[in-house]
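Please open the structure in your viewer and keep the sequence panel beside it, since this tour moves from one selection to the next.

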Amino acid sequence: MVAAKANPKSPEFGEPPLVEAVFDLFVEPSHELEKTVVDRFFEAFPELNGDVEDLRQFGMTMHVKGGRTAAQAMSSEDSGTRRWNEDRSRGVLFGPAVLAVNVMHKPGAPYGHFEEHAPRLQKFVERFYEIAKPKRVLWAGHRYINQ
């Protein structure tokens with residue numbers, strides 16, 4: 001473990017164990033996922049011109065009666081699109097019910113500090129509200145994923 005420097009506001013670590021930081025916003029959607037809506041969101045962020053991942057949500061329900069399967073159902077729906085910058089160090093997932101910002105800690109693109117990402121996060125959230133027009137926020141989070 002590497003000790004932090006004396007600055008209590010923003011400690012510095014020689015080799016942080018951080019692999020990724022994820023900022024999540026889950027909402028009650030006001031509409032279905034449409035490609036035109038996705039494109040309108042991302043047109044404000046031309047730096048996200050790398051890989052594109054279209055994500056689907058899968059679900060399965062089983063009803064058991066008397067120890068045996070009485071019924072089962074599967075569902076699938078589009079849940080969002082994630083676009084990355086060229087070196088896959090920064091990515092954003094946009095869908096009618098979710099906004100997630102991925103910040104990878106990579107050589108040449110370190111995570112740094114939350115304060116460095118806050119202005120950009122604000123732009124993503126403002127654009128999300130403008131385009132997705134969610135009914136209400138269900139959950140917001142900020143996760144760090146360590147090695």
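What follows is a walk through a predicted model, beginning with the whole chain and then turning to particular residues.

**The whole chain**

Begin with a cartoon view of the entire protein, in which you can pick out two helices and six strands, arranged along the sequence in the pattern β-α-β-β-β-β-α-β. If you then switch to a surface view, you are looking at an accessible surface of about 9,700 Å², of which 54% belongs to carbon and sulfur atoms. Of the 147 residues, 32% count as buried. Among the contacts with a separation of 6 or more, 66% are accounted for by residues 24 or more positions apart, and several of the stops below show such distant parts of the chain side by side.

**The nonpolar core**

Next, select F41, V92, F94, F124 and F128, which touch the most other members of the largest nonpolar core, a set of 22 residues. To see where this core draws its residues from, colour β1, α1, β4, β5 (98-104) and α2 (114-132), the elements that give two or more residues to it. In soluble globular proteins, nonpolar side chains tend to be buried together.

Now keep F94 alone and ask which residues it is in contact with, leaving aside its neighbours within four places in sequence. The contacts of F94 are L33, V37, V38, F41, F42, G80, T81, F128, I131 and A132, so it is worth showing these side chains together before moving on.

**A bridge between strands β1 and β6**

The protein has 10 salt bridges, and one of them is found by selecting R143 and D24, whose side chains meet with an N to O distance of 2.9 Å. Because R143 lies in strand β6 (residues 136-146) and D24 in strand β1 (residues 18-28), the pair ties together parts that are 119 residues apart in sequence. The two partners can also be viewed against the surface: R143 is partly exposed, with a relative accessible area of 39%, whereas D24 is buried, at 8%.

**A network of four residues**

Move on to D51 and R88, which form a salt bridge of 3.0 Å, N to O. D51 sits in the loop between α1 (35-42) and β2 (52-65), and R88 in the loop between β3 (68-84) and β4 (90-95), so this bridge ties together parts that are 37 residues apart in sequence. Both residues are partly exposed, D51 with a relative accessible area of 41% and R88 with one of 30%.

Add E53 and R82 to the selection, and you will find another salt bridge, with the closest N and O atoms 3.2 Å apart. This pair also links distant parts of the chain, as E53 is in strand β2 and R82 in strand β3, 29 residues apart. E53 counts as partly exposed at 23% relative accessibility, while R82, with a relative accessible area of 16%, is buried. With the four residues on display together, you can follow how salt bridges that share partners join D51, E53, R82 and R88 into one network.

**A nonpolar patch on the surface**

For the last stop, return to the surface view and select F26, L138 and W139, which form a nonpolar patch with about 300 Å² of accessible area together. Of these residues, L138 has its place in strand β6, the strand that also holds R143 from the bridge visited earlier.

Conventions: Residues numbered from 1 in each chain as written. Predicted model: local features only at pLDDT ≥ 70, side-chain atom pairs only at ≥ 80, totals over all residues. Heavy atoms only, no water. Helix = DSSP H or I, 4+ residues; strand = E, 2+ residues; numbered from the N terminus. Buried < 20%, exposed > 50% of the residue type's maximum accessible area, 1.4 Å probe, protein only. Patch = residues over 30% accessible without salt bridge, like charges linked within 9 Å, V, L, I, M, F, W, Y side chains within 5 Å. Areas by Shrake-Rupley, 256 points an atom, 1.4 Å probe, with all protein chains shown as cover. Core = buried A, V, L, I, M, F, W, Y, C linked by side-chain atoms within 4.5 Å. Contact = heavy atoms within 4.5 Å.
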